[in-house]
Amino acid sequence: MLVDYAETLTRLEMGLGRHYAAVPSILNVPGVSAALKLDPFYYLALRPLFCELLGKWAGVPPSRVVETLARTGNLVLGPDRARYPRPLVVFEEGTGVALRLLADFVPAECIDRAVTVYGQEPGPLPVSGLRLAMEQKPALDAFFAGTTPLADLAFGTP
């Protein structure tokens, strides 16, 4: 059976946008949200929570969510075409508390399109207060090789 990834991506964006309109805290609230904007180009999406919720809201199995995002260029994959393999050290600015989380990177235009087109948000969401620990930057730069890297503002020291 052929899969229409464009149609599935639209369903995912519609589900995300509609749920964002009802419960805005699903995005961009450190400690609460399934995905947070790290810089103008990328969101950090908690794994597996983000894909499980997208699947639930769109009526799509989580494995199909991952496949759709990857095949449409809406899931950042490293040079080996794999998801980031290690937990990330993240923290909210000003708290000094760092956590280790397994997460994916989703291009901001995908999530921002969902919230503006289907979530009645007037424009893209701002960058959140979530930051990645600076010591991970070399490994993440290698992961993002061949694509737009994470902006320096995505990093900091807890």
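**Reasoning about a cavity, two helices and a sheet**

Modeller: In this predicted model, the lining of the largest cavity divides into nine nonpolar residues, no polar ones and one charged residue.

Colleague: What makes one residue of that lining count as charged?

Modeller: The lining consists of Leu 12, Glu 13, Leu 16, Phe 50, Leu 54, Leu 69, Val 106, Cys 110, Ile 111 and Ala 114, and since Asp, Glu, Lys and Arg count as charged, Glu 13 is the charged residue of this list. Helix H1 (5-22), H2 and helix H4 (108-118) each give two or more residues to the lining.

Colleague: Why is H2 called roughly perpendicular to H3?

Modeller: Helix H2 (residues 49-58) and helix H3 (residues 62-71) pack at an angle of about 105°, with their axes 8 Å apart, and because angles of 65 to 115 degrees count as roughly perpendicular, H2 is roughly perpendicular to H3. The contact is made by Phe 50, Cys 51, Glu 52, Leu 54 and Gly 55 of H2, together with Pro 62, Val 65, Val 66 and Leu 69 of H3.

Colleague: How do you know that strand S2 pairs with S5?

Modeller: Two strands pair if there are at least two bridges between them, and five bridges join strand S2 (residues 42-46) to S5, so S2 and S5 are paired. One of the bridge partners is Ala 103 in S5, which faces Leu 46 in this pairing as its partner.

Colleague: Why do strand S1 (35-37) and strand S5 (103-107) stand at the edges?

Modeller: The open sheet has the order S1-S2-S5, and S1 and S5 each have a single partner strand, so one side of each is left without a neighbour in the sheet.

Terms used: Residues are numbered from 1 along each chain as its sequence is written. This is a predicted model: local features need pLDDT of at least 70, side-chain atom pairs count only at pLDDT 80 or more; totals for chains, interfaces and linings use all residues. Side-chain values use heavy atoms; hydrogens and water are left out. Axes are lines fitted to C-alpha atoms, for helices over the stretch in contact, and angles run from 0 to 180 degrees between N-to-C directions. Helices (H or I, at least four residues) and strands (E, at least two) are DSSP runs, numbered from the N terminus. Angles under 35 degrees count as roughly parallel, over 145 as roughly antiparallel, 65 to 115 as roughly perpendicular and the rest as oblique. Contact means heavy atoms within 4.5 Å. On a 1 Å grid over the protein atoms alone, a cavity is a set of points where a 1.4 Å probe fits but cannot get out, and a pocket is an open set with protein on both sides within 12 Å along at least five of seven lines; lining residues have an atom within 4 Å of a point.
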